[in-house]
Amino acid sequence: MSMPDLSRFQARGLETCFHGRHIDPQIYAGLDGTNWRLQDYIARGGYAALRKILQGADGGVSMTPDQVIAEVKLSALRGRGGAGFPTGLKWSFMPRQFPGPKYLVCNSDEGEPGTCKDRDILAYNPHIVIEGMAIAAYAMGVKTAYNYIHGEIFEVYERFEEALDEARAAGLLGDRILGSDFSFQLHAFHGFGAYICGEETALLESLEGKKGQPRFKPPFPASFGLYGKPTTINNTETFAAVPWIINHGGQAYLECGKPNNGGTKIFSVVGDVNRPGNFEVPLGTPFAKLLEMAGGVKGGALKAVIPGGSSAPVLPANVMMDTTMDYDAIAKAGSMLGSGAVIVMNDTRCMVRSLLRLSYFYQHESCGQCTPCREGTGWLWRMVDRIEHGKGRKEDLDLLDNVADNIKGRTICALGDAAAMPVQGMLKHFRDEFAYHVDHKTCMVAQTV
Ligand SMILES: Cc1cc2nc3c(=O)[nH]c(=O)nc-3n(C[C@H](O)[C@H](O)[C@H](O)COP(=O)(O)O)c2cc1C
Ligand code: SF4
């Protein structure tokens, strides 16, 4: 059997982060695709924040863990993994006085379709994550941490391992870092490619060597996390934002974005655009600007956008063109900023067919623990499949909505919601296309794929 031609999946440079088309970048600043090593990072001012908290800046005084957490709270940094939870607040939940091991975990699983920002951080600026995690560990009194890296990007895992070796050799990881009392060990771990292992408790199970299935909550990881010990989990981009906050102050970070939405955010702009790629821009940047940076819509006029990864509800073009890219504005528009994957669709796209692809993904990735998710995601997929293939019934539209409603909020983890929300978003904004498929047994838009 001959190998399929995979060349169209190869990065051509435009898709990566080092194209220089960012606005006020903090994480991707100064990257050229080769300057990922420790010496390069230090030349860009790297590890100054870690020095600042441990030794004081310019001979000044060091920072206490409480001061570090206060700065992160002031910055209004919100978790970049999907939910947008305030990072400083999450760090304050860690019971610092707990006698015994406590853990810090970086979530580099990045399985959300459309999202490809964390792998670029790890590949092209790995030390910024190491420094951010060391600062977080200091703030929360943690001595051991893991970075859980998606299993299908093994070369990124190997790159991160190399960066860890460099940091250890330079005394930036290990015992008594930079001559201080602070000791911190960081290890990389590669997953095996299951989307559900990005869910934080499934990730912990997988890290413990078990089947990656989400845990019931409560208890939350802050009290019962890795090996049953207090654990804080943050996304790669969240940790990567921390050195800038410490170097420049929480207030400066806050002012770089919008109130309640501090700093920059990396958006993976994908789909029907001329220059897909990762773009780092301040939160609050108009969507229209981001689209322009990605070279505008390819192959037709803008029809719709999924603004925060495949689990975010779709929004029509007119709504998107009026909104800014931040957590609060996208929520007000009826969707979620999520992981920051911006999936652009032109007017040749059939929404039934698009939803079919999404529904297939979620039924395939359900871990099967809870009935509403295990059975419901399959029902959704099969219903959309029959509508797409001209076998839909009039009552299917309400039934789709009803099944989605019965999954939402009734499962152990949020994958159930993630499967239901795209269905409801599509029906809300593009119901006519679904009805047309049922009535005419064919599609109302020209298909190009
Ligand atoms: C099904 C599912 C998949 C997820 N995948 C990821 C992921 O790949 N990366 C990630 O950082 N968070 C993912 N999350 C969110 C994590 O559970 C968790 O909220 C996040 O890592 C916390 O980090 P943050 O506060 O820095 O955002 C996922 C959640 C769910 C329900
Ligand atoms: S919601 Fe789905 S993925 Fe999450 S635990 Fe239940 S069955 Fe597993």
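A polar contact is taken here as a pair of N or O atoms within 3.5 Å, and by that criterion a polar backbone atom of Glu-200, at 3.0 Å from an oxygen atom of ligand 1, makes such a contact. The model is predicted, and this briefing follows its two ligands into the spaces that hold them before turning to some backbone features elsewhere in the chain. Ligand 1 occupies the second largest pocket, whereas ligand 2 sits in the largest cavity.

**Ligand 1 and its contacts**

- Besides Glu-200, Gly-81 offers a polar backbone atom that lies 2.8 Å from an oxygen atom of ligand 1, and a backbone N or O atom of Arg-80 is found 3.4 Å from an oxygen atom of that ligand.
- Ligand 1 on its own would expose 610 Å², and the protein buries 89% of that area.
- The shell around ligand 1 holds 19 residues, with Gly-81, Lys-90, Asn-234, Asn-235 and Thr-238 coming nearest.
- By class, this shell around ligand 1 is made up of five nonpolar, eight polar and six charged residues, and β4 provides its largest share, which amounts to three residues.

**The pocket that holds ligand 1**

- The second largest pocket encloses about 1,200 Å³ of space, and among its 44 lining residues Gly-81, Gly-82, Ala-83, Gly-198 and Glu-199 lie nearest the centre.
- Two elements, β4 (231-235) and α17 (415-440), each supply at least two residues of the lining of this pocket, and β4 gives the most, with five residues.
- The lining of the second largest pocket divides into 16 nonpolar, 17 polar and 11 charged residues.

**Ligand 2 and the cavity**

- The count of cavities of 30 Å³ or more comes to one, and the largest cavity has a volume of about 70 Å³.
- Of the 13 residues that line the largest cavity, Cys-367, Cys-370, Cys-373, Cys-413 and Leu-415 are those nearest its centre, and the lining comprises eight nonpolar, five polar and no charged residues.
- Ligand 2, which sits in this cavity, is surrounded by 13 residues, the closest being Cys-367, Gln-369, Cys-370, Cys-373 and Cys-413.
- The shell around ligand 2 contains eight nonpolar and five polar residues, with no charged ones.

**Backbone geometry in the loops**

- Most residues other than glycine have a negative phi, and most peptide bonds are trans.
- Against that background, the bond joining Lys-217 and Pro-218 is a cis peptide bond, with omega of about -5°, and the peptide bond from Pro-218 to Pro-219 is likewise cis, with omega near 5°.
- Pro-218 lies in the loop between α8 (200-207) and β4, and Pro-219 has its place in the loop between α8 and β4 as well.
- Tyr-47, in the loop between α1 and α2 (48-55), has a phi near 65°, which is a positive value in a residue other than glycine.

**Arg-21 ahead of the helices**

- Arg-21 belongs to the segment before α1 (38-43), and its side chain reaches the backbone oxygen of Met-293 at 3.1 Å.
- From Arg-21 to Ile-69 the separation is 48 residues in sequence, and their C-alpha atoms are 32 Å apart in space.

Key: Residues are numbered from 1 along each chain as its sequence is written. Chains are lettered from A and ligands numbered from 1 in the order in which they are written. This is a predicted model: local features need pLDDT of at least 70, side-chain atom pairs count only at pLDDT 80 or more; totals for chains, interfaces and linings use all residues. Side-chain values use heavy atoms; hydrogens and water are left out. On a 1 Å grid over the protein atoms alone, a cavity is a set of points where a 1.4 Å probe fits but cannot get out, and a pocket is an open set with protein on both sides within 12 Å along at least five of seven lines; lining residues have an atom within 4 Å of a point. Grid points are joined across faces, edges and corners, and a volume is the space filled by probe spheres set on the points. Ala, Val, Leu, Ile, Met, Phe, Trp, Tyr, Cys and Pro count as nonpolar, Asp, Glu, Lys and Arg as charged, and the others, Gly among them, as polar. Helices (H or I, at least four residues) and strands (E, at least two) are DSSP runs, numbered from the N terminus. A residue is near a molecule or strand if one of its heavy atoms lies within 4 Å of it. A polar contact is a pair of N or O atoms within 3.5 Å; within protein, one must be able to donate a hydrogen and the other to accept it, and residues adjacent in sequence count only if both atoms are side-chain atoms. Accessible areas come from the Shrake-Rupley method with a 1.4 Å probe; for residues, only the protein chains shown count as cover. A molecule sits in a cavity or pocket if more than half of its atoms lie within 2 Å of its grid points.
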